[in-house]
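Student: Could you take one small part of this model and walk me through it closely? I'd like to see how that part sits among its surroundings.

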Amino acid sequence: MKDIDNLQKRSRKLRDFAETMGSSGLAFTGLVGLLFLAILVWQITAPTFIDGESGEIPAANEFITESDYEMEWDYPNTDSNGALTTDAIVLEISWDGGDEVHELQINIISERDIYEDVYINESGLSTNIVEIGRKTKFHLYSSLTEVVLVIQNSGPVPSADETGKPLVSSFVIEYDIAVVYDGGLVFEPLEIIAYATLIFLVIIYRAPKSNILEFMHKLVGKERMVLAIFYALALVTTIAGGLSVPSTLAALCWILAARMMSALIKGIERMLHSGRKLSEVSRLKHSISNRDGLLMWSSMLLVTSTLFIPLEIYIPFLTERYQDIFSPYSSGIRAAFYGTIWVMLIAMISSVPISVGAAIYLEEYAKPTKTTKLIQALVTNLAGVPSIVFGMFGLAIFVKQGGIGWGLGPSILAAGLTMGVMAMPIIVLASQEALRSVPRSLRESAYGVGCTQWQVTKDHVLPSAMPGIMTGSILAMSRIMGEAAPLVVVGATAMIVFDPEPLAGLFGGNVNFTVIPIQIYFWTSEPDPAWHAMAAAASISLIALLVAMNSIAIVLRQHFRRRLN
Amino acid sequence: MSFLEYLKNNRARVILFLTSFSVILITLGIIQTLLFESINFFSELAESRGWFTFDWDLAGITSGTGIAAAIFLLVYIAELLITKFTIEQETKLDIILFPKQFVIYIAAALLVVQFFVLDTLLMGVAFVFVFITWRRLASAVNKQRYGMQLSDSTLWRNISLGFFLIALAKSITMNYGGALGEFFLTTNWNPALKPVSFGVNSLLLTTLQVAFGALIIAVPLGVGCAIYLSEYAPPRLVAVVKPTLELLAGIPSVVYGFFAFIYIGPLVVELGEYFYANGWIDEPPNVLNPINGAIVVGVMILPLIASMSEDALRAVPNELREGSLALGATKIETTFKVMIQASLSGIIASIILALSRAVGETMAVTLAVGTVAVFTANMFLPAQTMTAYIAQRVGGDLPFGEIGYLTIFAVGLYLFVITLTLNLIGNRVLAAYREAY
């Protein structure tokens, strides 16, 4: 018997060892997967803070042999007031006669077609500071017989040599480094206190502590005073912030905090009244009225206010359009942003009603016939069709003229309809899921009081399923917002110097458009690393937009899921 | 009740049906677009090669393959009727159905001989089918006479139907033969420069390299992630990680492409330099390569696999887990021998759907893998996937109807068929496991 005991003990040890090793191995793999994802998140966000292109800019070095020498720069280095925004362009002009060295400062201003030429004679230069217009040629005239050496000491590289051919294909100007932030706080101290208060209250609501509740208990009966203080603070914050956007948001924070405080105090009173003790913190959530609503509004407010931080920082990147191929840092995504909004809007208008209708038919009306099963299978499979195939569908149906083509051209309308078609199966599936989760009893009780099928659907099923449908639609929209492949096929271009016209496909006009993912794609394809920084910035804007949309969807879903349960 | 009255009484139903009918229209539109333009492509290709001028002639039907198709159809019909065929009494047909044994041997020998005589392989196969169906018919009649149970297996019927469809397709497309063969069998893809050649295999190879490379990365990590989340991780962590996974799955592919282009590419090049220095690859590596694409697509499909597999693991009833633990199994044994077994179809479905997603991935692959179509096993050189070809080709200005424009539809149709097949299998597997619990 002892031997068997020993054997069992040994095998148990072995088994325990195997068990520990195996489970830790599994946990390790899982953690590596999570780590991988975490690194990805970090890597995508980390490199996208633009520092501008620094380092040595090679100076041009030319001999002037004849009397005329011509140079050209591409982008203004002064702002509208005439102040320099980059290093000044300084030419060092020297010649042998008397070892003369002269410096010439050149300011390129943004107005076009301004000429000012410089003449060189024995006494020196005719002027020391020249202002010339953007994209105009600049001439140096020399009346000397000997060779004049021109060296550029600082500033951007000129784009043309004396024969008029480009010297370098592209170059970087240290200009308009994308995020210009002039020190100081984004939020005023009072606004930060408002946010802190709101966050503090949210934490108390979610995880109440008994000692804090005891402190709150002392405020019972003084709700009016607390409310008055908070409303006064809201007023002060607004006035001190000069009615700016963050101050208004902070005032909203104060008002919400006041509501939450009074609800909390009343809740504590009610809890004590019903014979509970303050130490039973888990009972608190049942005694606060409208707890979920307050929590949802406050989290929405907090998320929204983080979105407004960029408004306080001057970002030409968001407000400028594409300039030209030589000036990456002064280009922006304004046109792309408008394009994205229009495409999404058209996609939403065209796809959401049809998709929800299809979902209602499939869930509420359809009998399990062959047609229904076919439609169901098609929806499931369409959701997995590669996006580029939808693009080709859009190209053949919406863009092309003739045959079954509608001939809208490569316009926003065609892109929006293509995206709508792509979003449709996703929305149908999500809406079906939402409709399926509506309890059977609801429908039956509505039928029981004599409603028709359409009345049941319209008045009872749809309102209950609405949160799920909304969530699905928002998620589908955020997915098509990031899709570039169908639009590449439909014919989006990257070089858009105007705001797009949404209905140009129907009524004529300039049909060209672009969206943010397309901008990222084309900018990444450029050889110049400066454009890559722009692509990174555009990516971060796109991700911010997507995260905002997705978090709204997630918050909505969490909230309503809790309510339904 | 007239049709108009029906419309009047069921307005809501009719309108809703029309909305759901649009799904069928969209699918038909996609198939029509791809198919129509692909046929144009093949006919134009055949025409440009001087093989034939396209005209809807069905000359192929009367060829040997066409006759073989007809024979297969007859076999299929005979198989359909086999159970309804009742010959209780002895009739004159018995001489045909039950000849002397040596006649059967001679017929079998003839079957072997005709393979060497006939130049159409499908015809030979058709005669084999006729022989087998003949014997099956005889045995069915025999069984009926002696009151035995007839087997209701439809396997043979389906096989003959399959052969019929193959023969029919081959006889119809016989005139495209050269074009189809060039497209599906050769490996040189060069649609822009003369002499042009359209061998889609070089695109397909890169696509598969990227997709399976992505699976190699994503499956262990994704499934490990799912097991960890559903079996080991504390609920608070799960509550944080699940929405994060959703967010990650929502990050646009072009951003992943940028990420691959800027960050992963140089890392892969360093690895390639090491390989090159050791002489394992014969050409210096490039920033754009399929490994780069495989890594980034792997990261893209990781959230998909993780969240779908986790759903599958969570769908397993708790009784199974508790029962296993109650029998004395350890946690790891429960995980491997019960949970994974029980949710295997869900996990496999997630992998198949992820594969389909990886095959159809466009922007990330375009930016990460490059735009040079080559057929090589060296995965450190720039290559081009099918999706990347489409995206690159339409990026330029192309006149509609030209052969370069038509290629994208042929490639697109091939891609569509591949992903549709994968999706069908994946959804079938998914439905099976959903039914199980």
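Tutor: Sure, and let's start with a term: a helix here is a DSSP run of H or I with at least four residues, numbered from the N terminus. Keep in mind that this is a predicted model. The part I'd pick is L26(A), which belongs to helix 1 of chain A, spanning residues 2-45. Is L26(A) buried or exposed? Its relative accessible area is 9%, and since buried means under 20%, L26(A) counts as buried.

So what does L26(A) touch, once neighbours within four places in sequence are set aside? The contacts are with chain B: G224(B), I227(B) and Y232(B), along with I332(B), T335(B) and F336(B).

Now for the partner chain. Chain B has 18 helices and 2 strands. Of its 437 residues, 47% are buried. One of the buried ones is C225(B), with a relative accessible area of 0%. Taking contacts in chain B with a separation of 6 or more, 75% join residues 24 or more positions apart. On the outside, chain B exposes about 21,400 Å², and carbon and sulfur atoms supply 68% of that area.

With a cysteine in the picture, a word on disulfides. Over all chains, the count is 0, with the cut-off for a pair of cysteine sulfur atoms set at within 2.5 Å. C451(A), back in chain A, is partly exposed at 21% relative accessibility, whereas C225(B) is buried.

Conventions
Residues are numbered from 1 along each chain as its sequence is written. Chains are lettered from A and ligands numbered from 1 in the order in which they are written. This is a predicted model: local features need pLDDT of at least 70, side-chain atom pairs count only at pLDDT 80 or more; totals for chains, interfaces and linings use all residues. Side-chain values use heavy atoms; hydrogens and water are left out. Buried means under 20% relative accessible area, exposed over 50%, partly exposed in between (1.4 Å probe, protein chains only). Contact means heavy atoms within 4.5 Å. Accessible areas come from the Shrake-Rupley method with a 1.4 Å probe; for residues, only the protein chains shown count as cover.
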